Amino acid sequence: MSVETVKAEVVVVGGGMVGLASAIALRDRGLDVLLCDPGEARARTSYGNAGVISRGSIFPMSSPALWAKLPSYLRNADRGLRLRHTHVARVLPWTAHFLASARTSAWERAAGSLLPLTSAALPAHLALAERAGAGHLLRRCGWIKLYRTHAAFAGAALERAILGRHGVSFEILDPDDIRAAEPALIRSYAQGMLLPETGAVSDPGGLLEAYQQLYLGLGGRTLRMVTTGLKPEAEGWCVRHDGGTVRARQVVLAAGAASGEIARGLGYRFAFAAERGYHAHYALHPESPPLTRPVLDTGAGSIIAPMGEGRVRVLSGVELNAREAPPDYVQIEAAAQEAGGTLRLGASLDNRPWMGARPSTPDGLPVIGPAPRHRGLIFAFGHGHIGLSTGPITGRLVADLATGAPPAVPVAPFAPQRLLGWPRWNPVQGRQRAD
Ligand SMILES: Cc1cc2nc3c(=O)[nH]c(=O)nc-3n(C[C@H](O)[C@H](O)[C@H](O)COP(=O)(O)OP(=O)(O)OC[C@H]3O[C@@H](n4cnc5c(N)ncnc54)[C@H](O)[C@@H]3O)c2cc1C
């Protein structure tokens with residue numbers, strides 16, 4: 001069959017965790033699905049993340065602490081965030097929404113909107129992993145946020161209050177508790193917070209591969225290609241790509257950080273950006289005890305996650321820069337140096353660090369919903385820091401939307417409309433709206 005004649009009921013553009021999980025959920029509903037992706041495993045952000053699936057991951061990066069942190073952000077003096085200043089100006093709608101999202105009320109509301117997604121994340125993954133024969137890649141082990149000073153711990157009081165209000169479990173750890181929980185840590189921390197309702201993936205790329213095999217086993221089809229544009233037609237959609245075209249009744253746009261550009265071709269100008277991130281692998285020193293769960297060192301702005309026996313992945317914070325700009329290894333080098341003071345590290349295991357781009361919305365909520373001006377087009381992107389974990393529940397929502405079923409969790413907060421146009425302060429409701 002020539003590429004030009006390919007047809008499907010639903011085309012999913014993008015084969016990261018969000019697109020792949022959507023394709024599986026659509027197949028589960030009996031639809032004929034074609035998953036379109038360039039096929040480069042390492043090009044997926046879903047490949048290179050920390051593997052944390054936590055019910056407590058409900059806090060957008062734009063927080064009430066933003067205004068206090070802004071001077072150090074602007075000087076690139078904060079370890080968790082590095083800005084390319086010219087780029088920040090280029091993504092001005094994102095920047096404007098990001099600043100508008102820093103209000104306490106907006107932060108709390110966003111946390112409440114994300115909770116149903118993060119609460120469903122681990123059960124959805126456990127079910128998929130079992131079907132895919134990949135249960136060994138996923139462990140319910142909790143993860144720990146570490147604070148180097150009491151002041152830093154006190155600064156996270158609102159976060160703990162919100163978690164408490166939503167019934168998300170956590171345990172406060174003193175230095176002895178931290179040492180007992182993770183004997184591999186050689187740095188002393190003032191306090192820690194263990195979030196037990198958390199799973200960790202020991203090989204995110206391997207998990208994706210297992211889900212891909214599950215999808216193929218369900219009769220799902222794939223096409224290696226780069227989508228160059230979407231065109232509405234009388235009977236559905238024409239998906240243009242580098243090797244021809246595909247026709248489908250419905251299209252799901254789940255191309256991660258590339259989704260904004262593809263949507264722009266249809267006239268949707270989303271407040272959207274890429275938050276780039278890096279990782280590097282190290283062997284643990286042979287005499288070090290194992291690291292048993294991921295840890296976030298809030299003082300370093302970086303995560304260290306165990307990835308298989310005797311191996312850890314060090315992950316950088318956020319770099320706000322163009323998706324396609326050359327890598328800048330400053331943050332990951334600093335994170336690796338800090339990690340060397342946190343654990344007894346052995347050899348570096350990579351030729352050079354991996355880089356990926358989190359698909360970022362300024363309010364920290366994904367975009368999941370029907371396209372406002374086109375029938376048969378579903379947006380599923382913008383999962384920022386939680387796309388590995390919330391991919392499978394998003395997939396279910398996509399299948400609900402595609403088949404007209406009631407959504408498994410409320411989708412109104414994820415409506416695309418909110419990020420089209422500029423934020424506007426509504427003094428009556430104290431809410432922000434999009435024009
Ligand atoms: C350092 C770091 C740590 C992270 N840690 C975590 C974590 O612990 N837990 C968590 O839940 N999340 C984490 N994340 C975030 C998570 O990885 C992302 O939210 C998630 O991978 C996004 O999935 P996606 O499917 O939307 O995008 P991707 O995985 O990037 O997939 C998008 C796919 O679309 C394809 N594509 C792009 N353009 C086109 C085109 N034109 N045509 C066809 N296909 C196209 C790409 O090739 C890619 O395969 C982390 C991210 C980073 C960078």
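This text leads through a predicted model, from a small sheet to the surroundings of the ligand and then to a hairpin. In this model, local features need pLDDT of at least 70, side-chain atom pairs count only at pLDDT 80 or more, and totals for chains, interfaces and linings use all residues. Residues are numbered from 1 along each chain as its sequence is written, and side-chain values use heavy atoms, with hydrogens and water left out.

The starting point is an open sheet of three strands in the order β3-β9-β5, paired antiparallel. Helices (H or I, at least four residues) and strands (E, at least two) are DSSP runs numbered from the N terminus, and two strands pair if DSSP finds at least two bridges between them. Strands of a sheet pair through backbone hydrogen bonds, either parallel or antiparallel. Because β3 (52–54) and β5 (138–140) stand at the edges with a single partner strand each, one side of each has no neighbour in the sheet. From one strand to the next, the twist averages 20°; axes are lines fitted to C-alpha atoms, for helices over the stretch in contact, and angles run from 0 to 180 degrees between N-to-C directions.

Three bridges join β5 to β9 (residues 198–201) in the antiparallel sense, and L138 has V201 in β9 as its bridge partner. Helix α5 (residues 104–131) packs on this sheet and touches β3, β5 and β9, its direction making about 135° with that of β5. Contact here means heavy atoms within 4.5 Å.

The ligand comes next. There are 34 residues around it, of which D37, S46, T227, G384 and S389 come nearest; a residue counts as near if one of its heavy atoms lies within 4 Å. An N or O atom in the side chain of S46 is 2.5 Å from an oxygen atom of the ligand, and a backbone N or O atom of A50 lies 3.1 Å from a ligand nitrogen atom. The protein covers 94% of the 1000 Å² of accessible area that the ligand has on its own, by the Shrake-Rupley method with a 1.4 Å probe. With three residues, α12 gives the most to the shell around the ligand.

The last feature is a hairpin formed by β11 and β12, with two residues between them. Strand β11 (residues 227–233) runs antiparallel to β12 (residues 236–241), and six bridges join the two. Within this pair, K231 stands opposite C238 in β12.

Methods: Polar contact = N/O pair within 3.5 Å; in protein donor to acceptor, adjacent residues only side chain to side chain.
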